[in-house]
Amino acid sequence: MSDSPRARKVADRIKEVVARMLDTRIKDPRLGFVTITDVRVTGDLQSASIFYTVLGDEDARTGSAAALKSATGIIRSEVGKQLGTRLTPTIEFHLDAVPETAAHLEAALDEARRRDAELEQSRRGATFAGEADPYRRPEDDEDDEA
């Protein structure tokens, strides 16, 4: 995907158009609460990848994916009208894995916090097995000689 300013402008415009269409024009009952998270356009502006998330469970994601697939033609047509470019990019929808990854990381962090709390609890009241400072110092050698 390209980082050119023109491609970025086209991607931003596609994101606006698609989000508005999903909110107002697409009336498919399978379509859940969909949020467009990112749009990436190739440097030649021929292809656009639209990333989205769906609030809900696996059934909501599956239904929304089917609804987006069936509405791709209508969405592409509207994107072409709104962009006003000579060629309308092909559109592909991709489920964004960021929320699932974030949830997995949050669960891992919660587990680490729980283990840290357990370790802190086991350390309370613990004493050293030997001396608190097991290393010899030069002043200790002087005490032994006297």
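These are my notebook entries on a helix contact, a loop residue, an aromatic pair and two exposed residues in a predicted model.

**Entry 1: helices α1 and α2**

I looked up how helix α1 (residues 5-24) lies against helix α2 (residues 58-83). The two pack at an angle of about 125 degrees, and their axes are 10 Å apart. I therefore recorded α1 and α2 as oblique to each other. For the handedness of the crossing of α1 and α2, I noted right-handed.

I then listed the residues that make the contact. From α1 these are Val10, Arg13, Ile14, Val17, Val18, Met21 and Leu22. From α2 they are Leu68, Ile74, Ile75, Glu78, Val79, Gln82 and Leu83. Sorted by character, the residues of this contact of α1 with α2 comprise 11 nonpolar, 1 polar and 2 charged.

**Entry 2: leucine 45**

I next examined a backbone angle. Most residues other than glycine have a negative phi. Leucine 45 is not a glycine, yet its phi is positive, at about 60 degrees. I located leucine 45 in the loop between β1 (33-41) and β2 (47-55). Is leucine 45 buried or exposed? Its relative accessible area is 14%, under the 20% limit, so I entered leucine 45 as buried.

**Entry 3: the aromatic pair**

I consulted the search of the whole structure for aromatic pairs, and it finds 1. Its members are tyrosine 52 and phenylalanine 93, with ring centres 6.3 Å apart and planes at 75 degrees. An angle over 60 degrees counts as edge-to-face, so I assigned the pair to that class.

Which parts of the chain does the pair link? Tyrosine 52 belongs to strand β2 and phenylalanine 93 to strand β3 (residues 90-95); the two are 41 residues apart, and the parts they link are distant in the chain. I also noted that both tyrosine 52 and phenylalanine 93 are buried.

**Entry 4: valine 98**

I placed valine 98 in helix α3 (residues 98-123). Its relative accessibility is 53%, over the 50% limit, so I entered valine 98 as exposed. I also looked up its separation from glutamate 131. The two are 33 residues apart along the chain, and 50 Å separates their C-alpha atoms.

**Entry 5: phenylalanine 128**

I found phenylalanine 128 in the loop between α3 and α4 (138-145). With a relative accessibility of 60%, phenylalanine 128 counts as exposed. I then looked up its separation from proline 29. Phenylalanine 128 and proline 29 are 66 Å apart from C-alpha to C-alpha, and 99 residues apart in sequence.

Definitions and conventions
Residues are numbered from 1 along each chain as its sequence is written. This is a predicted model: local features need pLDDT of at least 70, side-chain atom pairs count only at pLDDT 80 or more; totals for chains, interfaces and linings use all residues. Side-chain values use heavy atoms; hydrogens and water are left out. Axes are lines fitted to C-alpha atoms, for helices over the stretch in contact, and angles run from 0 to 180 degrees between N-to-C directions. Helices (H or I, at least four residues) and strands (E, at least two) are DSSP runs, numbered from the N terminus. Angles under 35 degrees count as roughly parallel, over 145 as roughly antiparallel, 65 to 115 as roughly perpendicular and the rest as oblique. A crossing is left-handed if the near helix is turned anticlockwise from the far one by less than a right angle, and right-handed if clockwise. Contact means heavy atoms within 4.5 Å. Ala, Val, Leu, Ile, Met, Phe, Trp, Tyr, Cys and Pro count as nonpolar, Asp, Glu, Lys and Arg as charged, and the others, Gly among them, as polar. Buried means under 20% relative accessible area, exposed over 50%, partly exposed in between (1.4 Å probe, protein chains only). Rings of Phe, Tyr and Trp (its six-membered ring) pair if their centres lie within 6.5 Å; planes under 30 degrees apart count as stacked, over 60 as edge-to-face and the rest as tilted.
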